[in-house]
Amino acid sequence: KQGVITKSLDELDKTSHKISEMEQTYIENQWLSFNWINNIELFEELCNQLKHSYYPMEKLIRLLTLIEDTWNRLYSSLVSQRIELPERLDSWQTVKNWLDEICSLTNNALCKSKYSPEITRSIINAIKIIDDEMEKQLIAADIAKRVNMSRGYFNQCFKDITGKSFNSYLRFARFEKAKKYLSLTDEPIYSIAQMIGYNDEKYFSSIFRREFGLLPSEYRQNNAR
C-alpha cells in the first residue's frame with residue numbers, strides 16, 4: 001500500500017537544506033532503530049530533522065512505509081494490532097500525527113504489559129535480532145544471553161508477549177519475510193531461502209508448501225505485485 005503525499009507538503013520549511021545520500025541513510029537508520037519510541041526528545045529531534053530537510057517525496061514515502069512495515073514486525077505482537085499508513089498523506093501535519101499515534105500506541109501497550117518496561121524492551125530487542133539476522137542459525141539460549149535474560153525466563157516472557165514460542169515465532173518471521181521477497185522481488189527462490197536461514201532450497205520449498213499449501217513459485221505467481 002502506498003499513501004499519497006501531495007504538494008501541500010510544501011508547508012515544509014522553505015529554508016530546507018538539501019541533504020546528501022549519506023544523511024538520508026543516517027535519517028532512515030535513526031527512524032528504523034525505533035529508539036525514539038520511548039524518547040520524546042529524540043522523537044521531536046527526528047521529526048524536526050525530517051521536516052526541515054529537503055527529503056525527496058518518493059524517499060519520504062519509502063521511509064514511512066519502512067516504518068510501518070518494521071513496526072508491524074517488532075511491535076504488533078505486543079500491541080495486538082497492526083498499524084497502517086493513512087490513505088492520504090496530504091500534509092506534514094498528517095505525517096506528524098501518524099508518528100505521534102505510533103508513539104502513543106506503543107507506550108500505552110508498554111505501560112499495560114504485566115512485565116516491566118525493561119523486560120518488554122528486551123523481548124522487543126530479541127524480535128529485532130530475529131528480524132535482522134534470520135539468515136543465521138538462531139538459538140533461544142544465545143538470544144537470551146544477548147538481551148541479558150536467563151534462558152528459562154526469556155522463553156516464558158517471549159511466549160507471553162508474542163503469543164508464540166521462540167521457535168514458532170522464528171519460523172513465522174522467516175516465512176513472513178519469504179512471502180514479502182516472493183511477492184515484491186525477482187530474487188531466485190534459492191537466494192530467498194538462504195536470506196531467511198534455509199540453505200537447502202528443496203527443504204525450504206517443502207516446508208513452505210506445508211505451511212501455505214503452495215510452492216514458493218506458485219505463491220509468487222499468485223501474489224506478484
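This passage describes the main pocket, the nonpolar core and the salt bridges of a predicted model.

The largest pocket has a volume of about 1300 Å³. Its lining is made up of 41 residues, and those closest to the centre are Asp69, Arg73, Arg82, Lys180 and Leu184. Four helices each give two or more residues to this lining: H3 (57-79), H5 (117-133), H8 (166-184) and H11 (216-223). Among these, H3 gives the most, with 13 residues. By residue class, the lining holds 17 charged, 14 nonpolar and ten polar residues. Some of the residues closest to the pocket centre, including Asp69, Arg73 and Lys180, also belong to a network of salt bridges, in which they are linked with Asp131 and Lys177.

Turning to the interior, the largest nonpolar core counts 68 residues, and Trp31, Trp36, Ile67, Phe154 and Phe204 touch the most other members. Helix H3 again stands out here, as the largest share of the core, nine residues, comes from H3. A look at one of the well-connected members is helpful. Leaving aside residues up to four places away in sequence, Phe154 touches Ile123, Ala126, Ala140, Ile143, Ala144, Val147, Met149 and Phe166. In soluble globular proteins, nonpolar side chains tend to be buried together.

Across the whole structure, 15 salt bridges are found. One of them pairs Lys96 with Glu44, with the closest N and O atoms 3.6 Å apart. This pair links distant parts of the chain, since Lys96 sits in helix H4 (residues 92-112) and Glu44 in helix H2 (residues 40-51), 52 residues apart. Lys96 is buried, with a relative accessible area of 13%, whereas Glu44 is partly exposed at 30%.

A second link between distant parts of the chain joins Asp160, in helix H7 (residues 151-162), to Lys114, in the loop between H4 and H5, 46 residues apart. The closest N and O atoms of this salt bridge are 3.5 Å apart. Here Asp160 is partly exposed, with a relative accessible area of 41%, and Lys114 is exposed at 67%.

Within a single helix, Glu176 forms a salt bridge with Lys179, the closest N and O atoms being 2.9 Å apart. Both residues lie in H8, three residues apart, or about one turn of the helix. Glu176 is partly exposed, with a relative accessible area of 35%. Lys179 has a relative accessibility of 16%, and it therefore counts as buried, as this value is under 20%.

Technical notes
Residues are numbered from 1 along each chain as its sequence is written. This is a predicted model: local features need pLDDT of at least 70, side-chain atom pairs count only at pLDDT 80 or more; totals for chains, interfaces and linings use all residues. Side-chain values use heavy atoms; hydrogens and water are left out. On a 1 Å grid over the protein atoms alone, a cavity is a set of points where a 1.4 Å probe fits but cannot get out, and a pocket is an open set with protein on both sides within 12 Å along at least five of seven lines; lining residues have an atom within 4 Å of a point. Grid points are joined across faces, edges and corners, and a volume is the space filled by probe spheres set on the points. Ala, Val, Leu, Ile, Met, Phe, Trp, Tyr, Cys and Pro count as nonpolar, Asp, Glu, Lys and Arg as charged, and the others, Gly among them, as polar. A nonpolar core is a set of buried Ala, Val, Leu, Ile, Met, Phe, Trp, Tyr and Cys residues joined through side-chain atoms within 4.5 Å. Buried means under 20% relative accessible area, exposed over 50%, partly exposed in between (1.4 Å probe, protein chains only). Contact means heavy atoms within 4.5 Å. A salt bridge is a side-chain nitrogen of Lys or Arg within 4 Å of a carboxyl oxygen of Asp or Glu.
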